[in-house]
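Biologist: Please take a close look at how one helix packs against its neighbours. Then connect that part to a few other places in the chain. Short sentences would help me.

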Amino acid sequence: MSTERDDGPTKVNLDESEMPTQWYNVIPDLPAPPPPPLHPGTHEPIGPDDLAPLFPMGLIMQEVTGESHVDIPGGVLDVYRLWRPSPLYRARRLEAALDTPAKIFFKYEGVSPAGSHKPNTAVPQAFYNHAEGVTKLTTETGAGQWGSALAFATAQYGIECEVWQVAASYRQKPYRKTMMEIWGARVHSSPSEATEYGRSLLAEDPDHPGSLGVAISEAVATAAADPNARYSLGSVLNHVLMHQTIIGEEALLQLAKLGEAPDVIVGCTGGGSNFAGLSFPFLREKLAGRMDPTIRCIEPAACPTFTRGEYRYDFGDHGMMTPLLKMHTLGHDFIPQPIHAGGLRYHGMSPLLSHIYELGLVEALAIPQEECFAAAIQFARSEGIVPAPEPTHALAAALREAEAAKQAGEERTILTAMCGHGHLDLPAYEAYLSGALVDVDLSDDAIADAMAGVPAVG
Ligand SMILES: *Cc1c(COP(=O)(O)O)cnc(C)c1O
């Protein structure tokens, strides 16, 4: 089958010299600012000093900055250049297989050392901590992608890294642990014997499967107790989303080279960072009236934070140690089914992205995992790349758009983030190919039970 067309290239690369040198902060461009995080005891807004035991001032200032553009330090650009700028692809062979008039573009972040978009924030986080004399970073990881990104990043600046990996994936994904250890990190199965909270959970259930919420509690407690250590979060927070905007800034330049602008942007949302990273620069263009894409968050049906959660103040973790965040939440007690997209199994959502959703600037859609893996197989067979389970959600949404364009007989330009490869997620594909992967129903009762634990605020 020949898919040759004469309307432009299959992939667009930027030169290193064309790499953006600033991150984009969307907050000053929004019609209203997002509600502040609250102190869990007093319910008063927290200030920079309250966060100082957990984060370095350089990152805290980015969390609250009113600047639209923040310079990327040279020491970060040097490390970004190991894999950035990342390629933008036009999925021509997939378009041909679908026989759609739509154009499908994807920005590929699987080219990073850790195989996902996560090093885009892990590197600046390690950089600012190192610059302020921090010698150890602690964190949690679900599927292991964030832990490996932070292990790689801390190795670049010579600081220690201690990771709590959710027990279920620690058992299922031994190779992620090996990757973290290659880059020098120390990895615990969470709940662990290393913290009081972990010991209390293990006493109740020695086979506790863990959850991101539990692992966050353990990593936070360890950092708070060590004056030379700080905590690092791979998603959700404003500064994390801002670091990821390098994805969208590059994609804007790449599409401009082709004279293209997206009609629809779809991205998967766990905590919201890869989605925000791709879409916020386009949202800026939309708010300024320079383009008008529909921007849609895609979440798993098993963890439908936007489409079935509530917009409430809730804890970011299971142990109720974090500040209260106004966000779309299923309740901090919610433990999602063990679906294969581990990175999308978080009970909450970025407060900034939640606010933008409330403002009506982005939409949301939940898709069950079988459809996502079917889309991934079709993608892999035509484009070659094996996607991580998380972006298969965005891919399934892109396929729905391509089909809608075909039905309507109209051109449509679709943009998505292929935010990671799935080379360490082959057991999930094996389950799908052998017919063992099923969709699980999430009952209203299960959601109501977890929501009952959300604190009453205001
Ligand atoms: C962590 C991860 C996600 C989910 O996190 P976001 O902050 O929503 O991006 C999605 N995809 C991949 C590949 C990940 O590693």
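**Helix packing and buried sites**

Modeller: Start with helix α5, residues 119-131, and helix α6, residues 145-157: their axes come within 8 Å and cross at roughly 40°. This is a predicted model, so keep that in mind throughout. Are α5 and α6 parallel or oblique to each other? They are oblique, because a crossing angle has to be under 35 degrees to count as roughly parallel. The hand of the α5 and α6 crossing is right-handed.

Now look at the side chains and backbones that touch. On the α5 side, the contact uses Pro-119, Thr-121, Ala-122, Val-123, Gln-125, Ala-126, Phe-127 and His-130. On the α6 side, it uses Trp-146, Ala-149, Leu-150, Phe-152, Ala-153, Thr-154 and Tyr-157. Sorted by class, this contact has 11 nonpolar residues and four polar ones. No charged residue takes part in the contact of α5 with α6.

Helix α5 has another partner. Helix α2, residues 57-64, packs against α5 at an angle of about 125°, with the two axes 8 Å apart. Is that pair oblique or roughly antiparallel? It is oblique, because roughly antiparallel needs an angle over 145 degrees. From α2, the residues that meet α5 are Gly-58, Leu-59 and Gln-62. From α5, they are Gln-125, Tyr-128 and Asn-129. Here the classes divide into two nonpolar and four polar residues, with no charged ones. Notice Gln-125 of α5. It is listed in the contact with α6, and it is listed again in the contact with α2.

Next, move to helix α12, residues 273-287, and helix α14, residues 351-358. Their axes come within 12 Å and cross at roughly 45°. That angle makes α12 oblique to α14. The crossing of α12 past α14 is left-handed. Three residues of α12, Phe-275, Phe-280 and Leu-283, meet Leu-352, Leu-353 and Ile-356 of α14. By class, the contact of α12 with α14 has six nonpolar residues, no polar ones and no charged ones.

Stay with α12 for one residue more. Ser-273 is found in this helix. Is Ser-273 buried or exposed? Its relative accessible area is 3%, so Ser-273 is buried, the cut-off being under 20%. Leaving aside residues up to four places away in sequence, Ser-273 touches His-117, Gly-234, Ser-235, Val-240, Leu-241 and Gln-244.

A glycine gives a similar exercise. Gly-198 has its place in helix α9, residues 196-204. With 0% relative accessibility, Gly-198 counts as buried. Beyond residues up to four places away in sequence, Gly-198 touches Pro-191, Ser-192 and Glu-218. Now compare sequence with space. Gly-198 and Gly-319 are 121 residues apart in sequence, yet 10 Å apart in space, C-alpha to C-alpha.

Finish with the cysteines. How many disulfides does a search of the whole structure find? The search finds zero. Take Cys-297, which is in no disulfide. Its nearest cysteine sulfur is that of Cys-268, 10 Å away. A disulfide would need the two sulfur atoms within 2.5 Å. Cys-297 is buried, with a relative accessible area of 1%. Cys-161 is also buried, and its relative accessible area is 4%.

Conventions
Residues numbered from 1 in each chain as written. Predicted model: local features only at pLDDT ≥ 70, side-chain atom pairs only at ≥ 80, totals over all residues. Heavy atoms only, no water. Buried < 20%, exposed > 50% of the residue type's maximum accessible area, 1.4 Å probe, protein only. Axes fitted to C-alpha atoms, helices over the stretch in contact; angles between N-to-C directions. Helix = DSSP H or I, 4+ residues; strand = E, 2+ residues; numbered from the N terminus. Parallel < 35°, antiparallel > 145°, perpendicular 65-115°, else oblique. Left-handed = near helix turned anticlockwise from the far one by under 90°. Contact = heavy atoms within 4.5 Å. Nonpolar A, V, L, I, M, F, W, Y, C, P; charged D, E, K, R; others polar.
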